[in-house]
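Visitor: I would like a close look at a single part of this structure. Please explain the terms as you go.

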4 protein chains.
Amino acid sequence: MITVGIVGGAGYIGGELLRLLLGHPEVEVVAATSTRLADRRVDLTHPNLRGLTDLVYSAPDRLPDCDALFFTSSGTSDPAARAAESARGKVVFDLSPDLRLTDQRVYRRHYGEHPAPELLGTAVRGLPELDRDALTRADLVGVPGCMATASILALAPLTEAGLVGPEVYVDGRVGSSGSGASAGEMNLHAERSGVLRLFAPAGHRHEAEIAQATGASPRMSATGVDAVRGVQVVIRATTAPDVTEREIRAAYRARYKDEPFVRVVAQKRGNYRLPEPKILLGSNFCDVGFALEAGTRNLTLVGALDNLVKGGAGNAVQSLNIRMGWDERTGLGFPGLHPI
Amino acid sequence: MITVGIVGGAGYIGGELLRLLLGHPEVEVVAATSTRLADRRVDLTHPNLRGLTDLVYSAPDRLPDCDALFFTSSGTSDPAARAAESARGKVVFDLSPDLRLTDQRVYRRHYGEHPAPELLGTAVRGLPELDRDALTRADLVGVPGCMATASILALAPLTEAGLVGPEVYVDGRVGSSGSGASAGEMNLHAERSGVLRLFAPAGHRHEAEIAQATGASPRMSATGVDAVRGVQVVIRATTAPDVTEREIRAAYRARYKDEPFVRVVAQKRGNYRLPEPKILLGSNFCDVGFALEAGTRNLTLVGALDNLVKGGAGNAVQSLNIRMGWDERTGLGFPGLHPI
Amino acid sequence: MITVGIVGGAGYIGGELLRLLLGHPEVEVVAATSTRLADRRVDLTHPNLRGLTDLVYSAPDRLPDCDALFFTSSGTSDPAARAAESARGKVVFDLSPDLRLTDQRVYRRHYGEHPAPELLGTAVRGLPELDRDALTRADLVGVPGCMATASILALAPLTEAGLVGPEVYVDGRVGSSGSGASAGEMNLHAERSGVLRLFAPAGHRHEAEIAQATGASPRMSATGVDAVRGVQVVIRATTAPDVTEREIRAAYRARYKDEPFVRVVAQKRGNYRLPEPKILLGSNFCDVGFALEAGTRNLTLVGALDNLVKGGAGNAVQSLNIRMGWDERTGLGFPGLHPI
Amino acid sequence: MITVGIVGGAGYIGGELLRLLLGHPEVEVVAATSTRLADRRVDLTHPNLRGLTDLVYSAPDRLPDCDALFFTSSGTSDPAARAAESARGKVVFDLSPDLRLTDQRVYRRHYGEHPAPELLGTAVRGLPELDRDALTRADLVGVPGCMATASILALAPLTEAGLVGPEVYVDGRVGSSGSGASAGEMNLHAERSGVLRLFAPAGHRHEAEIAQATGASPRMSATGVDAVRGVQVVIRATTAPDVTEREIRAAYRARYKDEPFVRVVAQKRGNYRLPEPKILLGSNFCDVGFALEAGTRNLTLVGALDNLVKGGAGNAVQSLNIRMGWDERTGLGFPGLHPI
């Protein structure tokens, strides 16, 4: 058993970390911090945890010592504080965007000035399918963004195999939980319900992570859809000449046949022929699939996941499992629901 | 043509008043006020009005003179100001709860101390089906609450005819637009989506209006459901001895056969056998229906409407039409959509 | 390890049994039957199970021998066949309505003529909170209906303690998965989306189970709401004279303090003060709560659960765990999600 | 006043034609046909029309004579029958795909063999913004598809002005009403709710109409989303060199400044910056907008409409208005709702 703490536990990623870690047989959650809710029960904001824990939020300055720390975006705005915890011997998982990119200019283009640019490149990326070896000895892990994870997992087997060209269009669709637990008028139910809100017609930030991970040159848009959880990315690519459907399928299979949390979904029948986030809510799966337009080089790739699980907290827990040498699936066994 | 102004135009009732009044052939909308958005276009907050108007919000203190005024809850907190406008010769429609009740003690029980108790009982209620005569000469109109309207229209024909006893249970279900356009954490899409939120297990405020209008002794609960617009009330009553389904239907028909905006819906087949708000969005209909349990005196009444239209802005416009002697249906012709 | 089979595996309850039993460490699923889909993979209809199993549907006449059998409503229409399997030494869980009631007249009133009336009363009810002892040695278990389960769990502690009178109104709200996986026009997305469909204004069948379990005299209505999973029941009762909120809470606590799957939810703050099915999807919890109107004897009880889990498949698995002497929570650990 | 009939009146397009034509001051609806529902009231299937009409469905072989006929896809499968009605002197509006395309090979690629290829090219397209002149004297009108209409209206001003290259990606998102009123398992609420169903990853049929109308070379995908009504198309295009945002806006304005039903929506603030179908339900607007990625030639175009109105029945009625020389907006005044 190790002890873990969650810095910034009251948001949606914080709640999902709590759900997964409270159900994890190898860890003990010793703290979740919240400035606003210190000394209040965590199940006040995360009512699904009622009866599972009596944990109350800690004030951020009263974080007890622990073996591993998870920082959410709402935890602290100072990435140096996270690196410092790692330097003090803790294994640190950072779920904010701060430690995902390696190139300061790229960071600046998408996020503005970095508060501690010397940290860029110091963290291991927490994407087990690409980073498993490095994660076994990582002490500072930067967990990737939700749409980036889906995109990278859909693209990487094909870019690595040279089956698609670098120019790709990524169209992300995302539920409202991706906007966080803070109230803003644009996220009111009456405004957000039923939308197809193209909040980023081009240049979405996750372009940078996708490019860094795959070498592709993505252009990325994003649309908010009427869902709470769930991400789907639809990627338009062009195959190298004469690439067949069989080769694409083989490339995915080769890459993912032993992966516990990636499924290749590209079927000819049924209601769920391509990856669909609806059936992944709560699960750590990322489903990837593809469709090659007959007689052309037009390839459509699809990735789907739960933005709070494989797109965040689940990726972090899977990374922890790897880091600690545990079975990678520990605590992540929920398969998702159908119908839902 | 008369000139009209909307005091508190940026909320959801304000937007619906704008939609209806901009499409009304007998009125000219000369102002809609908003403190926060003065000098901004009204279609910034009401995007459905794009292309229909170039109106901008007025600061509340720059309201031009006009023949009729509609006050929404967000307009001013001072009911005396509304009464004063009426005294100055304007026809005033108040959509806040301030002028709905007549008894100060009843008001206090549900809302606390009234800011101007001398005004209680001075307004005519704006429920055309009950108040048509009084509305022809009213200068101060208190438009009833959304669930109250549906309940009163479902109950009144039967209480008037002595067909049901006074003890009734009213169960209201309401969409998120009933909570207004102000952002609060509990109305975030991620929190409000998919709910069956029993926010008032008993003692809902609209009890008072229903009692006042019908003489019944209602107990009322209310649940927030996953809809933006729409109210449904399900009322459980006990019939007087030996009352038949035929008598109930006859009582409704007698009461509503000439009403342009009340339909009796109690069918044996089809997917929409009882009143359903889904097909009423945007319309000024209140559908009412009933089911008498065979061999018993257990009677279920159902009312449905769009809370922003027949439950608010539409009732006000219908009242205006009556007051001005116009065809009552003017500007209120939209029948609702199916499917939706 | 025991072997289990699911007769009628292609419907929604069948899928949920598969999800729970495939994840159960003490059982091996050896068959799921389907007439229409024999020899097709079970994950064709239950896409959430992709990667978890290679099971294909068996034709019903090719059911292999196994230790326990689960019959869903779509399995076989002949209850005698289920009893026969039990007589042959299998532990049989029947999720159809056939074996829930004990009184033939009551059955007839709600369902028509029973195909094998001699079986009425021969099964043990599969509601662990009431039937735990009997379940330890039951070979034929009749799993209760979804809304009945929620209602019974909300009512029983109070009827047993004499805190409420027998006359209660039960208002059930249920998602579309309760209508099953067969296509009918009334369950089309365009027709079913956004509804408040009062499909049973009175006399819902589950009245009979609630009466049988609690001794109460329920009148029950039911409304289809815009959700796929989820049941909420709102029960209006009258307390015995002078009953206090504290006594009600104490009665619930006493009854449920050691129950792994019932939580008492009756809070004064937060967004989830009373039981809400939204946060229970996929979980085996039944949350129960109450509100006593101040100064009155008007008591509102609320129960919520996932109709496919605690309202069906989960109750069956929990009953299996009891029957086999395993930890009752085995395979049922998923707590539900928030937000969702 | 002219008399009109609807052949195939029981589907969703049929219902929308009824809603619009029953509210149209210049026409009298004399018949709506349905094989299955002959002699049943039209408001059985279109409950929003209750109280507006006593019309019953006619058997198809008992269609009375009338001045104009609207054929929906469910009306008759024989396009020659429609042409024959036109030849007999009626003005015929065909809402099926049969008369939209002019090139037999193109038709065959997307739909298979045409039942009456000699008719291809004989109808005038019913897209007022492009075909106004021809419509003034058309007797056979082929109303375009819903996603095609949105795409053509978003693209045409720019292709006509030479501002974008021919290669475009069209991503369509569509609600469940686009699948019609017939029950299929994949359109069950439990299966269709919450989906992001990429039912056409490439090669969607509406490519052909878009190409024919604009000269562009579209590649088109389509995703079913959790909405009943509504279409949004997101089009990725590349501008000609040095094209500015100002030129694009000017091209749209020039083309649409006098159009009653096209609005250019491309704003820098507010919650509805780009076209959003949510606020168009029931209206005949097609909103079009764009975003040019700064410093690039990457242009995103967006179109939105209600698939049953501007994407079908509304376009047909607008075409009728033009053909008869009436004000084009007659009967089409509903602006849409917000919030909804």
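Guide: Start with how two of the chains are related. A rotation of 180° with 0.0 Å of shift along its axis places chain D on chain B, with an RMSD of 0.0 Å; the fit is by least squares on the C-alpha atoms of residues with pLDDT of at least 70 in both copies. That is the relation of a two-fold axis. In chain D, the residue that comes closest to the rotation axis is Phe334(D), at 3.5 Å for its C-alpha.

This is a predicted model, in which local features need pLDDT of at least 70 and side-chain atom pairs count only at pLDDT 80 or more, while totals for chains, interfaces and linings use all residues. Residues are numbered from 1 along each chain as its sequence is written, and chains are lettered from A and ligands numbered from 1 in the order in which they are written.

Now the single part: Arg219(D). Arg219(D) lies in strand β9 of chain D, residues 217-225; strands are DSSP runs of E with at least two residues, numbered from the N terminus. With 19 other C-beta atoms within 10 Å, Arg219(D) is partly exposed; 20 or more would make a residue buried and 12 or fewer exposed, with C-beta atoms placed from the backbone. Leaving aside neighbours within four places in sequence, Arg219(D) is in contact with Tyr169(D), Ala202(D), Glu207(D) and, in chain A, Asn298(A). Contact here requires C-beta atoms, placed from the backbone, to lie within 7 Å. Arg273(D) is 54 residues from Arg219(D) along the chain, and their C-alpha atoms are separated by 25 Å.

Note on methods: Helices (H or I, at least four residues) and strands (E, at least two) are DSSP runs, numbered from the N terminus. Two residues are in contact if their C-beta atoms, placed from the backbone, lie within 7 Å.
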